[in-house]
Amino acid sequence: MTGIFITFEGPDGAGKTTQINRLAGEIAKLNRKIVFTREPGGTRISDKIRSIILDPEYAEMKNQAEVLLYAASRAQHVHEKIIPALNEGSIVLCDRFIDASVAYQAHGLGISVDTVLMINRFASSGLIPTRTYMLDIPAQESLKRLHKRAGGDEDAGLDRIELRKLEYHRTVREAFLGIAKEQSDRVLLVNANRGEEEIAADILADFYRLLDQQN
Ligand SMILES: Nc1ncnc2c1ncn2[C@@H]1O[C@H](COP(=O)(O)OP(=O)(O)OP(=O)(O)O)[C@@H](O)[C@H]1O
Ligand SMILES: Cc1cn([C@H]2C[C@H](O)[C@@H](COP(=O)(O)O)O2)c(=O)[nH]c1=O
């Protein structure tokens, strides 16, 4: 594979989409092929699965089903879109990947990390991101951003996962911090409780270092 696989992780509303768009804008100047995608989703089948997973109508969804639906969406996405793009030499920017399943499903729902990793290694054929930008922000702050984005209405527009209690989101944030600490070779922890420009500058500086290492 000649491409570069970059993922963005962090609590809901941490600013991942904002930062991916900024980095994509910089990469566009480099004359490199770029693929911008997200999980769950990114393909026709994965998007269908996304609409089921995130729909608050499905409050009865069992934890096991949730783990497997995220993994099924990922399996299709990795094999239909991400691996072919990497084989063509593209820089793939992906909004969330397996770290999200470890944080939200394993730690968040109390499922064994080993089980979640085993299922997801199968789903993704062991694909590991080259670099992960972990946007860190206290859960209360990121949820405030989401409420603001939704126009101030408490729960308007929030999905099935975002609607979970603050305590759940705090657990998820701690899990992300743990992943960043344990896998510091791959994961760059970025303080996302700052202005967009400062966050983008840290990511861009690291991205150029990464490009230098690849060349
Ligand atoms: N650094 C920042 N400071 C303040 N507000 C921000 C910052 N970055 C993004 N926002 C705003 O916060 C909201 C959430 O940002 P964004 O959609 O980029 O987050 P996200 O992590 O992709 O969210 P989601 O988890 O829903 O995918 C948006 O309204 C965005 O404009
Ligand atoms: C990949 C993945 C995602 N999630 C959660 C995280 C978010 O709450 C939603 C995705 O929505 P976004 O606004 O596009 O970030 O799904 C998860 O729980 N497990 C996963 O593997």
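A residue counts here as buried if 20 or more other C-beta atoms lie within 10 Å of its own, and as exposed if 12 or fewer do. The structure is a predicted model, and helix H1 is a convenient place to start reading it.

Helix H1 runs over residues 16–28. At 1.5 Å a residue, its 13 residues should span 18 Å, and the end C-alpha atoms are indeed 18 Å apart. Its buried residues are Lys16, Gln19, Ile20, Leu23 and Ile27. These cover an arc of only 100° around the axis, which puts them on the same side of H1. The spacing fits a general rule: an α-helix has 3.6 residues a turn, so residues three or four places apart point the same way. Asn21, Gly25 and Ala28, on the other side of H1, are exposed. The cover over the buried residues of H1 includes four strands, E1 (4–9), E2 (34–38), E3 (91–95) and E4 (131–136), together with helix H8 (196–214).

After H1 the chain enters the loop that leads to E2, where Asn31 is found. Phi of Asn31 is near 65°, a positive value in a residue other than glycine. Asn31 has 6 other C-beta atoms within 10 Å, so this residue is exposed. Arg96, in the loop between E3 and H4, also has a positive phi, near 85°, and is likewise not a glycine. Arg96, however, has 22 C-beta neighbours inside 10 Å and therefore counts as buried.

H1 also takes part in the surroundings of ligand 1. The shell around this ligand consists of Asp12, Gly13, Ala14, Gly15, Lys16, Thr17, Thr18, Arg145, Arg149, Gly195, Glu196 and Ile199. Elements giving two or more residues to that shell are H1, helix H6 (139–149) and H8. H1 gives the most, with three residues. By class, the shell around ligand 1 divides into two nonpolar, five polar and five charged residues.

Asp12 appears again in the shell around ligand 2. The other residues there are Arg38, Glu39, Pro40, Tyr70, Arg96, Ala100, Ser101, Tyr104, Gln105, Ile161 and Glu162. Helix H4 (residues 98–109) supplies the largest share of this shell, four residues. The classes here are five nonpolar, two polar and five charged. Two members of the shell, Glu39 and Pro40, are joined by a cis peptide bond with omega near -10°. Pro40 lies in the loop between E2 and helix H2 (44–54).

Helix H4 also contains Ala106. With 19 C-beta neighbours inside 10 Å, Ala106 counts as partly exposed, because buried residues need 20 or more. Beyond its neighbours within four places in sequence, Ala106 is in contact with Ser101, Ile111, Ser112, Val113 and Val116. The C-alpha atoms of Ala106 and Ala175 are separated by 9.1 Å, although the two residues are 69 apart along the chain.

The last stop is the interior. In soluble globular proteins, nonpolar side chains tend to be buried together. The largest nonpolar core in this model has 45 residues, of which Val92, Ala103 and Leu135 touch the most other members. Helix H3 (residues 63–87) gives the most to this core, with seven residues. Leaving aside neighbours within four places in sequence, Val92 is in contact with Gly3, Phe5, Ile6, Val35, Thr37, Ile82, Ala85 and Leu86.

Key:
Residues numbered from 1 in each chain as written. Chains lettered and ligands numbered in written order. Predicted model: local features only at pLDDT ≥ 70, side-chain atom pairs only at ≥ 80, totals over all residues. Expected span 1.5 Å × (residues − 1). Arc of directions from axis to C-beta. Contact = placed C-beta atoms within 7 Å. Near = placed C-beta within 6 Å. Nonpolar A, V, L, I, M, F, W, Y, C, P; charged D, E, K, R; others polar. Core = buried A, V, L, I, M, F, W, Y, C linked by C-beta atoms within 7 Å.
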